[in-house]
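Please consider the following structure, which is read here feature by feature in a dialogue between a learner and a teacher.

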There are 2 protein chains.
Amino acid sequence: METSALLEKLHIIDRECRHLQRTVAVLQWDQECYLPENGVEERSEQLALLESLSHERFVSEETGRLLEELGSVTENPQGDEKLPPLERDFLKAMRRDYDKEKKLPLDFVAAVAKAEGLSQAAWVQARRNNDFAAFLPHLITMIDFARKRALYWGYEGRVYDGLLDIYEPGMDTKAIASVFGPLRERLSALLKKIASRPEPDLPFLKREYKAETQAQFSGELMKGLGFDLRRGRLDTSAHPFCTTLGSHDVRITTRFLPDNFLSSIFGTIHECGHAFYEMAFPAELRSSRLADGASMGIHESQSRLWENVIGRSRPFWERFFPVLKTHFPGELGAVEIADFYRGINLARPSLIRVEADEVSYSLHIILRFELEQGLFSGAIKPEDLPAIWREKMKESLGLEPETDTLGVLQDIHWSMGAFGYFPSYALGNLYGLQFFGRLRQELPDYEHALAQGNFAPIHSWLFENVHQWGRRLDPPELLKQVTGQNLSVEPFLEYIEEKYSRVYGI
Amino acid sequence: METSALLEKLHIIDRECRHLQRTVAVLQWDQECYLPENGVEERSEQLALLESLSHERFVSEETGRLLEELGSVTENPQGDEKLPPLERDFLKAMRRDYDKEKKLPLDFVAAVAKAEGLSQAAWVQARRNNDFAAFLPHLITMIDFARKRALYWGYEGRVYDGLLDIYEPGMDTKAIASVFGPLRERLSALLKKIASRPEPDLPFLKREYKAETQAQFSGELMKGLGFDLRRGRLDTSAHPFCTTLGSHDVRITTRFLPDNFLSSIFGTIHECGHAFYEMAFPAELRSSRLADGASMGIHESQSRLWENVIGRSRPFWERFFPVLKTHFPGELGAVEIADFYRGINLARPSLIRVEADEVSYSLHIILRFELEQGLFSGAIKPEDLPAIWREKMKESLGLEPETDTLGVLQDIHWSMGAFGYFPSYALGNLYGLQFFGRLRQELPDYEHALAQGNFAPIHSWLFENVHQWGRRLDPPELLKQVTGQNLSVEPFLEYIEEKYSRVYGI
């Protein structure tokens, strides 16, 4: 068969699998946002069936045969047989995914999908009722499945390395530990210095903000940032997320807490950062699985760049604070922008990761990284997690959660079996600031544009440098191409130390 | 293989197909309620793929072989081989569906699903822009597909008979025409008499009602009627509908028009009637495709019974009018219940089917029934529909729509290829009143319970007589079993003539 005909067949399989995966995303989005309580069990069965069908289609004999036939071509490329770069990258991604997924038995895939749905629902209840014991059996199942998955795939070194590799290709425990070490040291030192400074008195942070009005502002904020509502939407869920249900259907969620209005604002900006990445893949990528992030860490670099570096900057709020005031004239009318800026940049140890400030955030991640290592080395038993969590929180941030809801039950990830995902958040901070260094060099007018609410230059820069590549480059390749550097903690730590010394007058 | 093992395998296929069909329902529900504008095209591809997978799974060789092997058993049932009645009914339903679906080629199923998604989206736009020409090519495709489907299935008599049979098993043009004849005659005569009576002056009908407050009332109304929100929900869409996404996940939609608050109220009650049927199927049916309505007409008998016979009755509003007043004290505070009752039972020709009163409603259906016959006999060309619609509306109800949005573009059905569906609505009126006659005999306390908001006896009666049978009985069997009668227009016409003579003092 002609190379082009083989490729065409492979693209059809790829497209069907993506349709199935995006249908899975619709079912999951619906489960988080709208599914009636008693619908959970059957929804899990629906998800299990779709995951099985997608798996079956992808690892079919046909895929294997096509990859094999194309292999002999691409290993000896000559003349007309030489593939265009985009097809070569497509083939590489197909092959990588195929080699992984082929190793998982069908009944395993179905069992995992079904268990994940039930586990997630159990987590929602357990978190609501502060009942870790009710969630424990599900957690044990999730750990067991994750361990089995790593075994099927095979790994060098530790089980946990096999899991990290899903989210951050090429990363392992050792590489992550080597950046998390200096991160912990310098962030802890900074937090100590900050703790010695007086806490500013900002009464507006303690006021009640009507959920409905928050939602209106989030809507305006999205539009202001350049979110195209013909290609996506905002809904409400217990845990903010971004999901892609189609090339032109990228949805984000947030939550509107009356006693913490900053949560919805920065949740919205964070998820917009993810959405901008997903929405920006160029048309030639959209027809294949290359229309995806380079890794979870690179994805987080986008969301955290928007949320923190852009969203918690002074010029950003020169544009949006007046708008926010029109929504909350009573609560914010008399507040100075300087005080608002301080209020959104407080650095104080707190219990909840997603509400954490920029300084302590990575310490939340390092805690989870250590717990995950322990769970998979066997040093930590799942039933001991609540106690160990409390102990480590005390050690790392000097705080002890009074309930498991505020402790070990706060995050959705483990309920979905997403072990090894957390480090990506902290890596995202590092990637993000490395990218940002370059962006600042190339956009000298950056702060001015921000204050004008003109985000076009930022979108363009991110598109040119990051988004347009989709999954074509691995994180280290992308980083090198954009910045000329390897992974480094310095740009992030310099940014944090400079900003917070300024904010706290250290 | 043992009979039980064969049946078990057939149940697995059935369950997978239902999961796929319910996933399709999730995608469609999302499309009607939440899908971003630009997501439509890819959604159509997702739907097409799922419809194909469901079709492939159902008409697989395995299904055919299992049905054949079980056939030799059930045709010669003896001793242990004799099936329990529930399994016999399951097998009958499987066989009927298989014989139909087997005749449709896979590429036809996929093409139809894809075209339906696009057609529906085009209809939404065309209706919004009053642009029939933009919808026409889609309409032509839908008619063409419907004709082909009937050809694949084979039919006796006319193409249109083949389509009617999907929604109302055993019904054909002749049988429907024979009940629609007297229906038209006596309803037109009644409308004429009513037209000679003075129009009551009811200013509350012309007030504006805040959409948000309407939504709150609809929520309370649902709960009051006994809708279990752990097993379903209410959303907003352009066209009200009810859909089943799981045995414990039945969703309804309505619309909140500030200038027509009755629309959301009766839309909600109507869709609740459908939902109560879907939610009531007993556990032993829920494990198979028998958990479905006996036909579209029987389904409509439930929704229209709740909407009109119950929901437009005086005792019903003795319970709910005080509640409605608390939501709209300014608009309704001074309104007497007698005037409200008149206001919800006005019988005046109008342009929109879903807003039509009980008297003229069936005339809207008869108009569509005639147009559909013409479209499939070839007597009517699709491009002539707007003009013929106007002409027939004038003839039948004395009104001429000024726009196609208020005319031929008002209903979603044709955009989905659902030709032959409309008659079910009018048949539903007939079935409903036949059931109701029996219900009144067996529940002498009915009006008292209604005025108390005690719907339990009605739910029980409907469960015992109608719901518990699901798809096990065909409409004529069910009707005979409940009422001892065959299909008849008399109970409906007697009810209508009695009620409206009373309301209008004729």
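Q: Through which surface do the copies meet?

A: The model is predicted: local features need pLDDT of at least 70, side-chain atom pairs count only at pLDDT 80 or more, and totals for chains, interfaces and linings use all residues. Residues are numbered from 1 along each chain as its sequence is written, chains are lettered from A and ligands numbered from 1 in the order written, and side-chain values use heavy atoms, without hydrogens and water. The copies meet through the same surface, because 100% of the interface residues of chain A are also interface residues in chain B; contact means heavy atoms within 4.5 Å.

Q: What turn lays chain A on chain B?

A: Two copies of a chain are related by a rotation about an axis and a shift along it. Here a turn of 180 degrees and a shift of 0.0 Å along the axis lay chain A on chain B with an RMSD of 0.0 Å. That is the relation of a two-fold axis. The superposition is by least squares on the C-alpha atoms of residues with pLDDT of at least 70 in both copies.

Q: How many aromatic pairs does a search of the whole structure find?

A: A pair of aromatic rings is described by the distance of the centres and the angle of the planes. The search finds 68 aromatic pairs over all chains. The ring centres of Phe316(A) and Phe320(A) are 4.9 Å apart and the planes stand at 40 degrees, so this pair is tilted. Rings of Phe, Tyr and Trp (its six-membered ring) pair if their centres lie within 6.5 Å; planes under 30 degrees apart count as stacked, over 60 as edge-to-face and the rest as tilted.
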